[in-house]
Amino acid sequence: MSLRIVVCVKYVPDATGDRHFAEDLTTDRESVDGLLSELDEYAVEQALQIGDDADDAEVTVLTVGPDDAKDALRKALSMGADKAVHVEDDDLHGTDALGTSAVLAKAIEKTGYDLVMCGMASTDGTMGVLPALLAERLGVPQVTLLSEVSVTDGKVNGRRDGDTATEQLEASLPAVVSVTDQSGEARYPSFKGIMAAKKKPVESLDLDDLDIEADEVGLEGAWTKVEDATPRPARTAGTVVNDEGEGGKQLAEYLAGQKFI
Amino acid sequence: MAEVLVLVDHVDGAVRKPTLELLTLARRIGDPVAVHLGAGADEAAKTLAEYGAVKVLAADAPEFADYLVVPKVDALQAAYDAVSPAAVLVPSSSEGKEIAARLAVRIGSGIITDAVDLEAGDEGPVASQSAFAAAFTTKSRVSKGTPVITVKPNSAAPEAAPAAGAVEQLSVTFGEKSTGTKVVARTPRESTGRPELTEAAIVVSGGRGVNGAENFHIIESLADSLGAAVGASRAAVDAGWYPHSNQVGQTGKTVSPQLYIATGISGAIQHRAGMQTSKTIVAINKDAEAPIFEVADYGIEGDLFEIAPALIAELAKP
């Protein structure tokens with residue numbers, strides 16, 4: 001039987017751009033170009049490798065986001081995923097992590113899955129809680145923050161490098177896995193991959209398709225409220241001295257002047 | 001006064017500093033009730049009481065170590081049911097955030113992660129967060145249910161405020177999902193004897209300019225002469241020169257020390273995201289155009305292999 005892998009990806013504003021909040025204090029998606037969150041590329045990569053190692057596998061990429069989020073799906077398809085699911089609905093604007101996890105969980109169940117793959121965090125919200133939220137909602141094991149992952153005989157194995165220890169984890173499928181940026185470099189789409197991606201199916205779903213009421217999501221339905229966003233005063237460049245043999249001494253004097261030593 | 005649950009981060013009863021910060025912040029909202037999972041509750045309770053815990057709910061079971069995350073969620077939920085708190089505060093470690101997230105789903109509450117400050121508000125606690133690589137500070141609150149908030153290290157100066165802190169046993173029934181992910185082996189990270197990266201007052205970091213694992217001893221020596229923690233940029237970690245657990249930046253640790261010394265680090269946005277809320281930033285780099293100089297309070301353009309040893313020698317002078 002085919003191994004059904006669903007990779008959750010996010011379309012985010014480019015982290016190297018000058019990101020802002022919109023007037024309603026949601027992420028401004030207008031002023032900075034969007035792309036597939038870099039950290040999700042690692043999840044796509046590991047999903048493709050697990051798929052390659054299985055006798056028969058199907059890799060579906062799933063996103064919740066505005067129309068432009070199709071770009072993120074297209075990128076994942078051009079890397080080699082088989083098909084895509086795009087949950088898109090105007091009522092989703094402003095949905096928070098809890099709401100997004102509820103939408104994703106419904107879409108994952110509708111798609112059918114043995115393995116859900118996620119990146120370690122998004123590069124915009126950076127919460128890193130979505131895989132745990134999905135595991136809780138789906139009622140399946142969470143095998144998260146893996147720097148190595150493999151799937152054999154219906155089991156996931158992986159290495160989690162925690163703050164205080166390295167752990168070897170094991171769980172039975174179905175399961176939710178997240179991988180870190182240490183899990184292995186993501187492949188670049190080949191020209192052939194990019195051409196093939198144009199013909200791959202992208203299924204579009206809205207809230208009705210998932211039996212979700214509009215007031216359960218969106219800004220109004222959010223479980224948290226951002227009340228204020230203030231730009232931090234930009235750090236200004238201080239003194240820069242050119243080392244002409246006295247650099248170490250000058251730095252020691254600076255540190256002493258600031259009472260660090 | 002309402003009670004506030006604080007999940008304790010500890011190693012066999014030795015309470016880690018971020019927990020003391022959480023207790024300090026919790027007192028702004030209500031009476032802190034500490035939740036201690038695993039061994040060493042009696043030992044930990046002394047410290048927890050000193051920092052304001054009115055009581056310590058303790059549970060110990062092999063499940064906490066043998067299975068990932070979920071047994072601790074079951075226990076924290078049991079504490080929630082026992083106390084009906086005004087808020088739940090959890091340390092912002094990767095495990096802490098996962099525990100908090102799952103609890104939020106179960107109790108039907110919103111969650112805020114990575115708070116850097118917390119105040120009482122008319123409609124519940126207001127959390128400050130850094131957003132978009134610390135370009136913005138936001139203030140948010142949980143609008144549904146009991147606020148579940150994870151708090152970053154160094155968010156407050158721990159203040160002692162002695163309270164009773166009596167230990168009470170917490171009765172926990174583990175759900176059938178709690179044994180889903182088995183921890184088949186655990187290798188504790190070897191202690192370096194240096195301060196924790198996220199807790200240190202001074203951090204010395206090395207990047208691409210260190211040019212090899214064999215040269216990182218220079219960064220370590222400089223750190224040791226300042227009593228500092230050692231950090232590394234993603235470039236240095238990806239090259240295999242230093243462990244990922246020491247990575248500072250978007251996909252590593254966020255640090256906010258009094259003094260951050262960036263050595264041979266160009267200062268890409270992903271790195272700055274992890275360190276630019278440091279109080280004072282010093283940069284040593286060969287490249288005058290390196291973006292790290294744009295955020296540095298004091299920069300030296302030059303060769304780190306000359307400047308760092310010279311600085312170490314200066315620091316060694318009586």
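In which sense, left-handed or right-handed, do α3(A) and α4(A) cross? In this predicted model, the crossing of the two helices α3(A) and α4(A) is right-handed. Helix α3 of chain A spans residues 97–111 and helix α4 of chain A spans residues 130–138. Their axes come within 9 Å and cross at roughly 55 degrees, which makes α3(A) oblique to α4(A). On the side of α3(A), the contact is formed by A:A97, A:L98, A:S101, A:A102, A:L104, A:A105 and A:I108. On the side of α4(A), the residues are A:L130, A:L133, A:L134, A:R137 and A:L138. Divided by class, the contact of α3(A) with α4(A) holds 10 nonpolar residues, one polar residue and one charged residue.

An open sheet of 10 strands draws on chains A and B. The strand order is β11(A)-β5(A)-β4(A)-β1(A)-β6(A)-β10(A)-β7(A)-β8(A)-β9(A)-β13(B), and the pairing is mixed. The edges are β11 of chain A (202–205) and β13 of chain B (181–188), each of which pairs on one side only. On average, and with direction ignored, neighbouring strands of this sheet are turned by 30 degrees against each other. Helix α1 of chain A, residues 38–53, packs on the sheet. The strands of chain A that helix α1 touches are β1 (3–8), β4 (57–64), β6 (115–119), β7 (142–152) and β10 (175–179). The direction of helix α1 makes about 150 degrees with that of β6(A). Within the sheet, strands β8 (residues 155–161) and β9 (residues 165–172) of chain A run antiparallel and are joined by seven bridges. In this pair, A:L169 of β9(A) stands opposite A:G158.

A further open sheet consists of four strands in the order β12(A)-β10(B)-β9(B)-β8(B), with antiparallel pairing. Here the edge positions are taken by β12 of chain A (224–231) and β8 of chain B (117–119), each pairing on one side only. Neighbouring strands of this four-stranded sheet are turned against each other by 25 degrees on average, direction ignored. Strands β9 (residues 126–131) and β10 (residues 136–142) of chain B pair in the antiparallel sense through five bridges. B:A131 has B:F136 in β10(B) as its bridge partner.

Strand pairing between the chains also involves β13 of chain A (residues 239–242) and β18 of chain B (residues 298–301). These two strands pair in the parallel sense over four bridges, with A:V241 opposite B:I300 of β18(B). Over the whole interface, 72 residues of chain B are in contact with 63 residues of chain A. The side of chain B that touches chain A comprises 33 nonpolar, 22 polar and 17 charged residues.

Chain B itself is divided into domain 1, covering 3–179, and domain 2, covering 202–316. Taken over C-alpha atoms, the centres of domain 1 and domain 2 of chain B are separated by 32 Å. Domain 1 of chain B contributes five residues to the contact, and domain 2 of chain B contributes seven residues. On the side of domain 1 of chain B that touches domain 2 of chain B, two residues are nonpolar, two are polar and one is charged.

Definitions and conventions. Residues numbered from 1 in each chain as written. Chains lettered and ligands numbered in written order. Predicted model: local features only at pLDDT ≥ 70, side-chain atom pairs only at ≥ 80, totals over all residues. Pairing = 2+ DSSP bridges. Axes fitted to C-alpha atoms, helices over the stretch in contact; angles between N-to-C directions. Contact = placed C-beta atoms within 7 Å. Nonpolar A, V, L, I, M, F, W, Y, C, P; charged D, E, K, R; others polar. Domains from an automatic or database assignment. Parallel < 35°, antiparallel > 145°, perpendicular 65-115°, else oblique. Left-handed = near helix turned anticlockwise from the far one by under 90°.
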